[in-house]
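Colleague: I am new to this structure. Please take a close look at one part for me: the pockets and the residues that line them.

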Amino acid sequence: MIELYTWGTPNGRKVSIMLEECGLPYRVHPIDITKGDQFAPDYLAINPNSKIPAIIDPDGPGGQPLNLFESGAILIYLAEKTGCLLPSDPRGRALTLQWLMFQMGGIGPMFGQTHHFRKFAPEPVPYAIERYSKETRRLYGVLEARLGEADYLAGDYSIADIATYPWVTRAEWQGIDLTQFPRVARWAEKIAARPAVRRGMAVPG
């Protein structure tokens, strides 16, 4: 039974979706980041970076428990543990990791800043809103172009799609009209229809 420490954010939902897709049993521990649960000493012992998500796998490598944080690292670990949603051939693996890193280095940080300055900042900061909104739109353009070449980001459905999809579900927060990115919209609809995705998106519930 994997212990999942999470909250209802795009980063948290990546891991709950992956656990559902791979059929791994897990127990949810809600970490309410609006109340500062991520700074509790017990949680810092699991994730010293005080972010969500994190997991504890009691049956880690060599049969020993493994604590793991950073959503991308967790996705790769679970994929390698189960053989699920990460190709074993070098070309497919490289493409999947490329698009996963695109999410980790681009979509996550930039969309997150857009969310903050458009929705949560205590007062408007026009320069920041313009800067991050413009970059968010550019990244949607990259997704749109890629999804004109392939059904999914790495060709087949993979951890790259799982990492990216929860951020796209908050397009409204980003000031993005998905009708302007029809390929992204179709891709998101296909992913949303997957039963495991629906279950994972409902965590922590």
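Modeller: The second largest pocket has a volume of about 170 Å³. Its lining holds 14 residues. Closest to the centre of this pocket are Asn11, Ile52, Glu70, Ser71 and Met104. Two elements, H1 and H4, each give two or more residues to this lining. H4 gives the most, with four residues. By class, the lining of the second largest pocket splits into five nonpolar, six polar and three charged residues. Keep in mind that this is a predicted model.

Now for the largest pocket. Its volume is about 730 Å³. Here 22 residues form the lining. Thr9, Asn11, Ile33, Lys51 and Trp167 are the closest to the centre of the largest pocket. Two helices give two or more residues each to this lining: H1, which spans 10-22, and H4, which spans 90-120. The largest share comes from H4, with seven residues. By class, the lining of the largest pocket has nine nonpolar, eleven polar and two charged residues.

Put the two side by side. Asn11 is among the residues closest to the centre of the largest pocket, and Asn11 is also listed among those closest to the centre of the second largest pocket. H4 leads in the lining of the largest pocket, and H4 leads in that of the second largest pocket too. H1 gives two or more residues to the lining of the largest pocket, and H1 does so for the second largest pocket as well.

Terms used: Residues numbered from 1 in each chain as written. Predicted model: local features only at pLDDT ≥ 70, side-chain atom pairs only at ≥ 80, totals over all residues. Heavy atoms only, no water. 1 Å grid on protein atoms, 1.4 Å probe; cavity = no way out; pocket = protein on both sides within 12 Å on 5 of 7 lines; lining within 4 Å. Points joined across faces, edges and corners; volume = space filled by probe spheres on them. Nonpolar A, V, L, I, M, F, W, Y, C, P; charged D, E, K, R; others polar.
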